[in-house]
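Welcome, and thanks for taking a look at this one. Please open the structure below and keep it at hand while you read.

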Amino acid sequence: MGTSNWLDDNQQRTWRSWLDLHAQLNARINRQLQAATGLSLSDYAILVELTSEEAEGSLRMFELGERL
């Protein structure tokens, strides 16, 4: 087993800040989408796969799961 290269303190702070910002952004988008449409981001992701990505508009459950 090889050695792991860990982030230095500055890289760790940057990474954690990015993760926090990403989580806040997703939460805000989810709240706005739910307020406007009643759909969650997860609901929307499923609809995108079924309507935009799949010509027939249907997928087997395992195919949908793999895509999500």
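Which residues make the nonpolar surface patch of about 400 Å²? The patch is made by Leu 7, Trp 15, Trp 18 and Leu 19. Keep in mind as we go that this is a predicted model.

## Confidence and overall layout

Let us start with how far the prediction can be trusted. The protein chain has a mean pLDDT of 86, with 88% of its residues at 70 or more. Among its elements, helix α1 (residues 9-37) has the highest mean pLDDT, 97, while helix α3 (residues 61-67) has the lowest, 80. As a general reminder, predicted coordinates should not be read in detail where pLDDT is low.

The fold is easy to list: the protein chain holds 3 helices and 0 strands, and from the N terminus on its elements run α-α-α. Helix α2 covers residues 41-53.

## Surface and burial

Of the 68 residues in the protein chain, 9% count as buried. The chain exposes about 6,100 Å², and carbon and sulfur atoms supply 53% of that area.

## A closer look at the patch

Leu 7 is a good place to begin, and you will find it in the segment before α1. Leaving aside neighbours within four places in sequence, Leu 7 is in contact with Gln 12 and Trp 15. Its relative accessible area is 41%, so Leu 7 counts as partly exposed, because that value falls between the 20% limit for buried and the 50% limit for exposed.

The two tryptophans of the patch sit in a similar class. Trp 15 is partly exposed because its relative accessibility is 43%, and Trp 18 is partly exposed because its value is 44%. Both residues lie in helix α1, 3 residues apart, which is about one turn of the helix.

## The aromatic pair

How many aromatic pairs does the count come to? The count comes to 1 aromatic pair. Trp 15 and Trp 18 form this pair, and their rings are stacked. In general, a pair of aromatic rings is described by the distance of the centres and the angle of the planes. Here the centres are 5.6 Å apart, with 10 degrees between the planes. The pair counts as stacked because that angle is under 30 degrees.

## A buried serine in the loop

Is Ser 40 buried or exposed? Ser 40 counts as buried because its relative accessibility is 15%, and the limit for buried is under 20%. Ser 40 is found in the loop between α1 and α2.

Not counting residues up to four places away in sequence, Ser 40 touches Asn 30, Leu 33 and Gln 34. Since helix α1 spans residues 9-37, you can follow these contacts from the loop when you view the model.

Key: Residues are numbered from 1 along each chain as its sequence is written. This is a predicted model: local features need pLDDT of at least 70, side-chain atom pairs count only at pLDDT 80 or more; totals for chains, interfaces and linings use all residues. Side-chain values use heavy atoms; hydrogens and water are left out. pLDDT is the predictor's confidence in each residue, from 0 to 100. Helices (H or I, at least four residues) and strands (E, at least two) are DSSP runs, numbered from the N terminus. Patches are made of residues with over 30% relative accessible area and no salt bridge: like charges are joined within 9 Å, nonpolar side chains (Val, Leu, Ile, Met, Phe, Trp, Tyr) within 5 Å. Accessible areas come from the Shrake-Rupley method with a 1.4 Å probe; for residues, only the protein chains shown count as cover. A salt bridge is a side-chain nitrogen of Lys or Arg within 4 Å of a carboxyl oxygen of Asp or Glu. Buried means under 20% relative accessible area, exposed over 50%, partly exposed in between (1.4 Å probe, protein chains only). Rings of Phe, Tyr and Trp (its six-membered ring) pair if their centres lie within 6.5 Å; planes under 30 degrees apart count as stacked, over 60 as edge-to-face and the rest as tilted. Contact means heavy atoms within 4.5 Å.
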